[in-house]
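Student: Please take me closely through one part of this model, namely how its segments pack against one another. I would like one connected account, with each term given its cut-offs as you go.

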Amino acid sequence: MKVVKQLYQLQEVDLELESNEQALNQIAGQLGESQAVNRAQAKLKLEHQHLEELKREQHSAEWEIDDLITKLTTAEKKLYGGSIRNPKELTNLQHEIDGLKTKRDRLEDKALELMDKVELTEASVASLSSQLKRLEAEWQRQQQQLSSRLEQLKTILSDLKHKRQLLLAKTDPQAVEFYHQLKKQKGTAVAKVEQGICRGCRISLPTIELQQARSGNLVQCSSCGRILFLA
Ligand SMILES: [Zn+2]
């Protein structure tokens with residue numbers, strides 16, 4: 001095989017290597033934690049804390065109510081028990097009972113309100129929790145896809161590297177060295193010639209250059225300096 005064709009093949013392999021390496025890096029960057037999952041977890045945690053607080057408040061209101069009811073029962077027993085006859089004491093006791101009842105009613109309202117809030121928050125926790133599960137499942141599915149794509153790319157890359165080794169082994173080392181220098185300078189070292197035009201710089205080539213290039217020898221474009229390749 002002519003050296004220019006070998007270099008052109010080397011360039012094809014290099015381009016494939018680069019694009020597959022880019023794809024691999026991109027996928028590697030997408031593997032790992034999910035911000036959406038993290039956010040949903042944080043939201044659920046907050047809502048859960050809120051629920052616990054509400055439940056604590058609800059229970060303490062219920063305990064207070066129980067306590068008030070005990071006090072009321074005792075006071076009412078005293079009032080109707082007949083042991084107190086002093087009118088002033090009786091009036092005071094009645095006032096005390098009225099005060100306790102008002103407090104109890106207020107607390108009962110508060111307990112009901114809290115019960116509603118607890119129910120609402122429980123529903124919200126449940127919905128956030130199923131949302132999180134969905135996100136986690138979706139994320140897991142994505143990660144699995146990405147992982148298998150990553151493995152595919154690793155195989156492709158290792159095949160390409162092998163192909164490259166084989167090409168290098170049969171190509172003149174000096175030509176390869178020159179190819180690398182040009183690649184460094186220009187990004188691509190070998191330019192295809194199509195209809196007498198260098199595809200590297202889009203300049204019409206002089207006949208003499210075309211003839212030389214056609215021979216398969218290493219000829220550079222007089223305009224851009226790339227190695228000319230005629231398929
Ligand atoms: Zn050119």
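**Helix packing, viewed closely**

Tutor: α2 and α3 are roughly antiparallel to each other, where angles over 145 degrees count as roughly antiparallel, those under 35 degrees as roughly parallel, those from 65 to 115 as roughly perpendicular, and the rest as oblique. Before going further, note that this is a predicted model, in which local features need pLDDT of at least 70 and side-chain atom pairs count only at pLDDT 80 or more, while totals for chains, interfaces and linings use all residues. Residues are numbered from 1 along each chain as its sequence is written, and side-chain values use heavy atoms, with hydrogens and water left out.

Two packed helices are described by the angle between their axes and the distance between the axes. The axes are lines fitted to C-alpha atoms, for helices over the stretch in contact, and the angles run from 0 to 180 degrees between N-to-C directions. Helices (H or I, at least four residues) and strands (E, at least two) are DSSP runs, numbered from the N terminus. On this basis α2 and α3 pack at an angle of about 160°, with their axes 7 Å apart, and α2 passes α3 in a left-handed crossing, a term for the near helix being turned anticlockwise from the far one by less than a right angle, whereas a clockwise turn makes the crossing right-handed. In the contact of α2 with α3 there are 27 nonpolar, eight polar and 16 charged residues; here Ala, Val, Leu, Ile, Met, Phe, Trp, Tyr, Cys and Pro count as nonpolar, Asp, Glu, Lys and Arg as charged, and the others, Gly among them, as polar.

One residue of α2 deserves a closer look. Q58 lies in helix α2, which spans residues 35–81, and with a relative accessibility of 10% Q58 counts as buried, the cut-offs being under 20% relative accessible area for buried, over 50% for exposed, and partly exposed in between, computed with a 1.4 Å probe on protein chains only. Once its neighbours within four places in sequence are set aside, Q58 is in contact with L114, M115 and V118, contact meaning heavy atoms within 4.5 Å.

A second partner of α3 is α1. These two helices pack at an angle of about 160°, with their axes 9 Å apart, which makes α1 roughly antiparallel to α3. The crossing of α1 and α3 is left-handed, and the residues of this contact comprise 16 nonpolar, five polar and nine charged. L153 belongs to α3, a helix covering residues 87–170, and L153 is buried, with a relative accessible area of 0%. Not counting residues up to four places away in sequence, L153 touches N20, A23, L24 and I27. For a sense of scale along the chain, L153 and M115 are 38 residues apart in sequence, and their C-alpha atoms are separated by 56 Å.

The geometry of α1 with α4 can be set beside this. Helix α1 (residues 3–30) and helix α4 (residues 173–186) pack at an angle of about 45°, with their axes 11 Å apart, and α1 and α4 are therefore oblique to each other. The crossing of α1 past α4 is right-handed. On the α1 side V3, L7, L10, Q11, D14 and E18 take part, meeting A175, V176, Y179 and K183 of α4. Sorted by class, this contact has six nonpolar, one polar and three charged residues.

Q11, a residue of α1, counts as buried at 6% relative accessibility. With its neighbours within four places in sequence left aside, Q11 is in contact with Y179, and also with T188, A189 and V190.

Past the helices, Q195 is found in the loop between β1 (190–194) and β2 (197–198), where its phi is near 50°, a positive value in a residue other than glycine. Q195 counts as exposed, with a relative accessibility of 81%. R202, in the loop between β2 and β3 (203–204), has a positive phi of about 65° although it is not a glycine, and at 59% relative accessibility R202 also counts as exposed.
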